[in-house]
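User: Please take a close look at a single part of this structure, starting from one residue and working outwards to its surroundings. I would value one connected account that I can follow on the model.

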Amino acid sequence: MASKAYEAADFAAAQEFYHGKGWTDGLPVVPPTADAVVACLERAALAPDAVLGVEPVRERPLVAEKIAVNAVMAGCLPIHFPVVVAAWRAMLREEFLLHGATASTGGCAVLVVVNGPVRRAIGADGTFNALGNGDRATAAIGRAIRLGLINLLDVRPGAIDRSTLGHPGKFTYCVAEDEEDTSWAPLATRRGLPPGMSAVTVMAAGAPRQIMNEWTTKPEEILETFAAEMRANLRHYSIHAGNYAIVVPKQLRDHLQDAGWGKTEIAAFVHERARIHRREWAEVGKGAVVRDRGDSVYPAMETADQLLVVAAGGPAGGFGAVIPPWLGHKSHAVTMPLDAP
C-alpha cells in the first residue's frame, strides 16, 4: 500500500495523534492497520490504487486505499466496505455536485439509503431508531463517508466545510429501508434498478424534521401532515424544488398500505400538496423578497418522482420524518448499485 505508516506507544497515544492531525470527527477512531485496510479492499475486489472517481472542482482523485483507511477508522468491517464504495461512486456523479454540497454554508450532510440483500448481510436494521443509532452497520458506513470527506477532500469545519450550523447527521446519516415489512417497492427499484439488487441512494440533505399524526387512518390526512412540513421548509428555509425524502414507519405505513396506497400514489399526492405561494414569505419575516411576485407558486418537487419514499422506523408510533434537500435545483439524489456482494 502507498499510505504512510506511523507508530504509537499505545491506543491513547494513537488517538491523540489522530486528533492532533485533524483526522477525526472529534470522536475516537479505529487505528487503520494494514491488515484491516487490505481486508476491506479484498471484500470490494478493489486494487489499492483503483480510482473511484475524481472530485471535479479541485480535481482530486478518490483512491480505494484511502477510502478504505477512512472506513476502518470509522469502525467499518470488510463486509460494510462495498456499501461505502457505492456511496462514494454515487457522490462523485456530476449531478450530485459533491463540492457544493459539502462546502456550502447551508450545512447539509450526505444521507445514504441502503437497499437490497446487502442490508441483511451487514446487519443493517431499518426499524427501531432508524434515523439514530439503530445498528452498527449504518452507523459505521455513514461515519466512513464523513471521515473520508474530512481527510480526503479537506471538508473540515472552517476549511472547505463552511457550514453555519451543520446538523448531527454530519457524524453519520445512513438508513436501511425496512423492505421485509412493507408491500412497497424498495427505493432503489423505484429509481430504476432491477428488483433484488443491492444499492445505495445518496442525497445532499438537511436534518430530519419529525412529524406525528396518530389521529387518522386516512391516507390523505396522514400525507397532509408530511406535506405541511414540506411547506414549512419552503417558507422557512428554501423555495428551491428538488429531491425530498420522507421516512414512513410501520404504523403510518400500515394505514397507507391497507388503503391500497403505494409509493406512486403517495408521491403524486404529496407533490400536489407540498407547494406555497411566494406571498407566504411575508408571514415568516421574509416580506422584503416577495416583491410583485406574490402569486408565484413554488412546489417542493418539480415532479412527483423527485420524492424519495423510504419505509423505515420502529413498529409503534404515528411518527414520520421529512428530510429536505440542500439546494434541490443544484444537487440531485443518485442511486448506485453495489459492484461487490
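Analyst:
**Isoleucine 211 and the sheet around it**

Isoleucine 211 is buried: its relative accessible area is 5%, and a residue counts as buried when that figure is under 20%. The model is a predicted one. Isoleucine 211 belongs to strand β6. Setting aside neighbours within four places in sequence, its contacts are Thr225, Phe226, Glu229, Leu252, Gly318, Phe319, Gly320 and Ala321. Alanine 228 lies 17 residues from isoleucine 211 along the sequence, and the two C-alpha atoms are 9.4 Å apart in space.

The strand that carries isoleucine 211 is part of an open sheet of four strands, arranged in the order β6-β11-β7-β10 with mixed pairing. Strands β6 (209-212) and β10 (307-311) occupy the edges; each has a single partner strand, so one side of each lacks a neighbour in the sheet. On average, adjacent strands of this sheet are turned by 20 degrees against each other, direction ignored.

Within this sheet, β7 (residues 244-248) and β11 (residues 319-323) run antiparallel and are joined by three bridges. Valine 247 has alanine 321 of β11 as its bridge partner. Alanine 321 is also among the residues that isoleucine 211 contacts.

Helices pack against these strands. Helix α10 (residues 250-258) lies across β6, β7, β10 and β11, and runs at about 95 degrees to β7. Helix α11 (residues 263-273) also packs on the sheet, where it touches β7 and β10, and its direction makes about 135 degrees with that of β10.

Helix α10 includes glutamine 257. Glutamine 257 has a relative accessibility of 18% and therefore counts as buried, since the cut-off is under 20%. Leaving out residues up to four places away in sequence, glutamine 257 touches Thr182, Ser183 and Trp184.

For context, a second open sheet has four strands in the order β4-β3-β5-β12, again with mixed pairing. Its edge strands are β4 (174-176) and β12 (334-337), each of which pairs on one side only. From one strand to the next, the twist averages 20 degrees. Strand β5 (residues 199-205) pairs with β12 in the antiparallel sense over four bridges, and valine 200 stands opposite methionine 336 in β12. Helix α4 (residues 81-91) packs on this sheet and touches β3 (109-115), β5 and β12; its direction makes about 50 degrees with that of β5.

A further element to locate on the model is helix α7. Of its 18 residues, 16 are buried, so helix α7 is largely enclosed by the rest of the structure. At 1.5 Å a residue, the 18 residues of helix α7 (residues 136-153) should span 26 Å, and its end C-alpha atoms are 25 Å apart, which agrees. At the N-terminal end, aspartate 135 caps α7, with a side-chain oxygen 3.1 Å from the backbone nitrogen of alanine 137. Aspartate 154 follows α7 and has a positive phi, near 60 degrees.

Finally, the aromatic residues may be noted. The structure holds seven aromatic pairs, and ring pairs link Tyr6, Phe17, Tyr18 and Trp23 into a cluster.

Note on methods:
Residues are numbered from 1 along each chain as its sequence is written. This is a predicted model: local features need pLDDT of at least 70, side-chain atom pairs count only at pLDDT 80 or more; totals for chains, interfaces and linings use all residues. Side-chain values use heavy atoms; hydrogens and water are left out. Rings of Phe, Tyr and Trp (its six-membered ring) pair if their centres lie within 6.5 Å; planes under 30 degrees apart count as stacked, over 60 as edge-to-face and the rest as tilted. Two strands pair if DSSP finds at least two bridges between them. Helices (H or I, at least four residues) and strands (E, at least two) are DSSP runs, numbered from the N terminus. Axes are lines fitted to C-alpha atoms, for helices over the stretch in contact, and angles run from 0 to 180 degrees between N-to-C directions. Contact means heavy atoms within 4.5 Å. Buried means under 20% relative accessible area, exposed over 50%, partly exposed in between (1.4 Å probe, protein chains only). The expected span of a helix is 1.5 Å times one less than its number of residues. A polar contact is a pair of N or O atoms within 3.5 Å; within protein, one must be able to donate a hydrogen and the other to accept it, and residues adjacent in sequence count only if both atoms are side-chain atoms.
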